[in-house]
Amino acid sequence: MLAALKARHELPRMPPANQHAEERSAVEAASGAADKRGYVQAMFSDIAPRYDLLNHVLSFNIDRGWRRKAIAALDVQKAPAGTYLDLCAGTLDVSVELARTPGFSGWVLGADFAEAMLRAGRSKATGRAVFGVTADAVALPLQSASVDGAIVAFGVRNLADLDAGLREVARVVKPGGRFVILEFTTPPSAIVRAAYGFYSNRVLPVIGGLLSGNRGAYRYLPESIARFPSAPELGERLKAAGFTGVRWELLTLGTVAIHAGSRA
Ligand SMILES: C[S@@+](CC[C@H](N)C(=O)[O-])C[C@H]1O[C@@H](n2cnc3c(N)ncnc32)[C@H](O)[C@@H]1O
């Protein structure tokens, strides 16, 4: 692995001029000035083989705990034999962790529009009740009120139309079913915001760019976080989409939020 990373470092995928263009495209996509859907799909397809490594390295492995906490908020004990949707499932970490929940005997549908991400995570799902489905979050190939609950980890921030995505989840979740969102958010404390801003804007694009070979992806990440609705606003948008009892919790110095609500 180290040799591969070193080789990647010594042979940059593109010359510096193109790197600037790559970073500019990332900022434009995050701001919605360019085709965000197309940018996001191409970017995740590109970084898919290295996504898991990057995730764990750049979050200091804290991401595993965040996902477990979000899964607990889904409360699958209410319908342990049910069918659950893992939206923007990527390399299936949430799907697999959910399927491993003690007492769980249902199915998990892991939906993502970047097939390469699902493929990169396929081996983790071997022997688990997990199905990967290539699908767009705003047009799911599922009947209305067909799943017992839904969860999305680090996915909704990437949607070109957030409200359309939330409404689509509300369409497929049965009345009373839970919906949980795990997502990065802007920390409320100014001190944490400053430190987090330095890490996200200075450290992350360099390390993420070197490890992934796609510097744009790690420019896009802080830009998309900065433009994503605050935790209270996301709560309001969940209510507007048809969820009740919406609550949220901030984790890790307010850098991450877990929102949960029930389908009305
Ligand atoms: C940051 S990754 C998160 C993956 C996974 N949930 C995790 O926790 O690691 C975001 C994923 O969302 C997917 N995605 C973004 N927009 C999507 C859309 N409109 N429809 C389906 N998947 C989408 C991307 O392809 C990518 O795999």
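Which side chains meet in a salt bridge with E233 or R237 at 2.7 Å, N to O? The legends below take up this pair and other close-ups of a predicted model.

**View 1. E233 and R237 form a salt bridge in helix α11**.
The side chains of E233 and R237 meet each other, N to O, at 2.7 Å. Helix α11 covers residues 231-241. Because the partners are four residues apart in this helix, about one helical turn separates them. E233 has 36% relative accessibility, so it counts as partly exposed. R237 is also partly exposed, because its relative accessibility is 22%.

**View 2. The ligand sits in a shell of 19 residues**.
Y51, C88, D112, A137 and A153 come nearest to the ligand. Helices α3 (36-47) and α4 (51-58) each supply at least two residues of the shell. By class, the shell holds 13 nonpolar, three polar and three charged residues.

**View 3. Polar atoms of the ligand meet Y51, R67 and A137**.
A side-chain N or O atom of Y51 lies 2.7 Å from an oxygen atom of the ligand. For the side chain of R67, the distance from an N or O atom to a ligand oxygen is 2.9 Å. A137 takes part through its backbone: a polar atom there is 2.8 Å from a nitrogen atom of the ligand. Taken alone, the ligand exposes 600 Å², and the protein buries 97% of that.

**View 4. R67 also pairs with D63**.
Besides its contact with a ligand oxygen, the side chain of R67 meets that of D63 in a salt bridge. The N to O distance is 2.7 Å. R67 and D63 are four residues apart in helix α5, so about one helical turn lies between them. Both residues are buried.

**View 5. E183 and R157 bridge two parts of the chain**.
The side chains of E183 and R157 meet in a salt bridge, again with an N to O distance of 2.7 Å. E183 lies in strand β5 (residues 173-184), while R157 is in the loop between β4 and α8 (162-172), so the pair ties together parts that are 26 residues apart in sequence. E183 and R157 are buried.

**View 6. D52, D93 and K124 make a network**.
Salt bridges link these three residues. Across the whole structure, a search finds 14 salt bridges.

**View 7. Helix α9 carries S200 and L210**.
This helix spans residues 190-212. S200 counts as buried, because its relative accessibility is 9%. The side chain of S200 reaches the backbone oxygen of Y196 at 2.6 Å. L210 has 41% relative accessibility, so it counts as partly exposed. Together with V206 and I207, L210 forms a nonpolar patch on the surface. The three residues have about 210 Å² of accessible area together.

**View 8. D75 and A145 have positive phi angles**.
D75 is not a glycine, yet its phi is about 55°. The residue is found in the loop between α5 (63-74) and β1 (83-87). D75 has a relative accessible area of 31%, so it is partly exposed. A145, which is not a glycine either, has a phi of about 50°. Its place is the loop between β3 (130-134) and β4 (147-153). A145 is partly exposed, because its relative accessible area is 38%.

Methods. Residues are numbered from 1 along each chain as its sequence is written. This is a predicted model: local features need pLDDT of at least 70, side-chain atom pairs count only at pLDDT 80 or more; totals for chains, interfaces and linings use all residues. Side-chain values use heavy atoms; hydrogens and water are left out. Patches are made of residues with over 30% relative accessible area and no salt bridge: like charges are joined within 9 Å, nonpolar side chains (Val, Leu, Ile, Met, Phe, Trp, Tyr) within 5 Å. Accessible areas come from the Shrake-Rupley method with a 1.4 Å probe; for residues, only the protein chains shown count as cover. A salt bridge is a side-chain nitrogen of Lys or Arg within 4 Å of a carboxyl oxygen of Asp or Glu. Buried means under 20% relative accessible area, exposed over 50%, partly exposed in between (1.4 Å probe, protein chains only). A residue is near a molecule or strand if one of its heavy atoms lies within 4 Å of it. A polar contact is a pair of N or O atoms within 3.5 Å; within protein, one must be able to donate a hydrogen and the other to accept it, and residues adjacent in sequence count only if both atoms are side-chain atoms. Ala, Val, Leu, Ile, Met, Phe, Trp, Tyr, Cys and Pro count as nonpolar, Asp, Glu, Lys and Arg as charged, and the others, Gly among them, as polar.
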